[in-house]
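This report describes selected features of one protein model. Please keep the sequence and the coordinates at hand while reading.

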Amino acid sequence: MQNYIQNGQVITVNTPAGGAASGEGLIIGNIFGVAAYSAAEGDPLELVTTGVFKLPKATAAVLMVGARVAWDNTAKNINAPGAGRFLVGIATEAAGNGITSVAVRLDGVGTVAA
């Protein structure tokens with residue numbers, strides 16, 4: 001196919017304001033992904049949009065295996081779906097109150113804040 005570009009698991013974007021750290025979750029437009037490496041603002045950055053990642057979690061959130069999860073772009077963490085949060089995937093492990101990270105399978109689907 002002459003029109004094929006890539007499989008889409010990793011896409012290249014411009015690094016947003018403030019730069020990005022390797023492993024950091026980012027919202028760029030309606031795309032959520034994890035930075036493949038650290039990059040300065042405006043530089044090309046590979047953003048991984050599918051796969052399972054250990055991401056920071058809102059400490060008080062209680063998530064069960066298979067629960068839909070959302071990214072809180074203000075707090076920069078995973079939480080239960082809610083107003084102002086971006087649906088990004090499914091929890092692949094249980095994570096209760098007091099736990100600060102959770103494994104998440106990213107959907108790779110465009111998202112908007114609820």
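The text below goes through a sheet, an aromatic pair, the salt bridges and a few single residues.

The structure is a predicted model.

**The four-stranded sheet**

An open sheet is formed by 4 strands in the order E1-E4-E3-E2, with antiparallel pairing. Its edge strands are E1 (10–14) and E2 (25–28), each of which pairs on one side only. Direction ignored, neighbouring strands of this sheet are turned by 50 degrees against each other on average.

The pairings can be followed across the sheet. E1 pairs with strand E4 (residues 44–48) in the antiparallel sense, over 5 bridges. Within this pairing, Val 10 has Val 48 of E4 as its bridge partner, and Thr 12 has Glu 46 of E4. E3 and E4 run antiparallel and are joined by 2 bridges. Here the bridge partner of Val 34 in E4 is Val 48. Val 48 is thus a bridge partner of Val 10 and of Val 34. E2 and E3, also antiparallel, are joined by 4 bridges; the bridge partner of Leu 26 in E3 is Gly 33.

In a regular strand, side chains alternate between the two faces of the sheet. Edge strand E1 shows such an alternation: Ile 11 and Val 13 point to one face and are buried, whereas Val 10, Thr 12 and Asn 14 point to the other face and are not buried.

**The aromatic pair**

A pair of aromatic rings is described by the distance of the centres and the angle of the planes. A search of the whole structure finds 1 aromatic pair. The rings belong to Phe 32 and Trp 71; their centres are 5.1 Å apart and their planes stand at 45 degrees, so the pair counts as tilted. Phe 32 lies in strand E3 (residues 31–35) and Trp 71 in strand E6 (residues 68–72), so the pair ties together parts that are 39 residues apart in sequence. Both Phe 32 and Trp 71 are buried.

**Salt bridges**

Side chains of opposite charge can pair when their charged atoms come close. The whole structure contains 3 salt bridges by the search made here. They are listed in the table with their N to O distances.

| Basic residue | Acidic residue | N to O distance |
|---|---|---|
| Lys 54 | Glu 93 | 2.7 Å |
| Arg 68 | Asp 107 | 2.7 Å |
| Arg 105 | Asp 107 | 3.7 Å |

The salt bridge of Lys 54 with Glu 93 links distant parts of the chain, 39 residues apart: Lys 54 is in strand E5 (residues 51–56), and Glu 93 is in the loop between strand E8 (86–91) and strand E9 (101–106). Lys 54 is exposed, at 52% relative accessibility, while Glu 93 is partly exposed, at 24%.

In the salt bridge between Asp 107 and Arg 68, Asp 107 lies in the segment after E9 and Arg 68 in strand E6, so this pair ties together parts that are 39 residues apart in sequence. Asp 107 also meets Arg 105 in a salt bridge. Through shared partners, the salt bridges join Arg 68, Arg 105 and Asp 107 into one network. Each member of the network is partly exposed: Asp 107 at 24% relative accessibility, Arg 68 at 36% and Arg 105 at 39%.

**Strand E7 and the loop before it**

Lys 76 is found in the loop between E6 and E7. Its phi is near 60 degrees, a positive value in a residue other than glycine. Lys 76 is partly exposed, with a relative accessible area of 37%.

Asn 77 lies in strand E7 (residues 77–79). Are Asn 77 and Asn 79 buried or exposed? At 11% relative accessibility, Asn 77 is buried, because the limit for buried is under 20%. Asn 79, which also lies in strand E7, counts as buried at 13%.

Neighbours within four places in sequence left aside, Asn 77 is in contact with Pro 56, Lys 57, Ala 58, Ala 70, Trp 71 and Asp 72. One of these contacts, Trp 71, is a member of the aromatic pair. With the same neighbours left aside, Asn 79 is in contact with Ala 58, Ala 61, Leu 63, Val 69, Ala 70 and Arg 85. Ala 58 and Ala 70 appear among the contacts of both Asn 77 and Asn 79.

Notes. Residues are numbered from 1 along each chain as its sequence is written. This is a predicted model: local features need pLDDT of at least 70, side-chain atom pairs count only at pLDDT 80 or more; totals for chains, interfaces and linings use all residues. Side-chain values use heavy atoms; hydrogens and water are left out. Buried means under 20% relative accessible area, exposed over 50%, partly exposed in between (1.4 Å probe, protein chains only). Contact means heavy atoms within 4.5 Å. Rings of Phe, Tyr and Trp (its six-membered ring) pair if their centres lie within 6.5 Å; planes under 30 degrees apart count as stacked, over 60 as edge-to-face and the rest as tilted. Two strands pair if DSSP finds at least two bridges between them. Axes are lines fitted to C-alpha atoms, for helices over the stretch in contact, and angles run from 0 to 180 degrees between N-to-C directions. A salt bridge is a side-chain nitrogen of Lys or Arg within 4 Å of a carboxyl oxygen of Asp or Glu.
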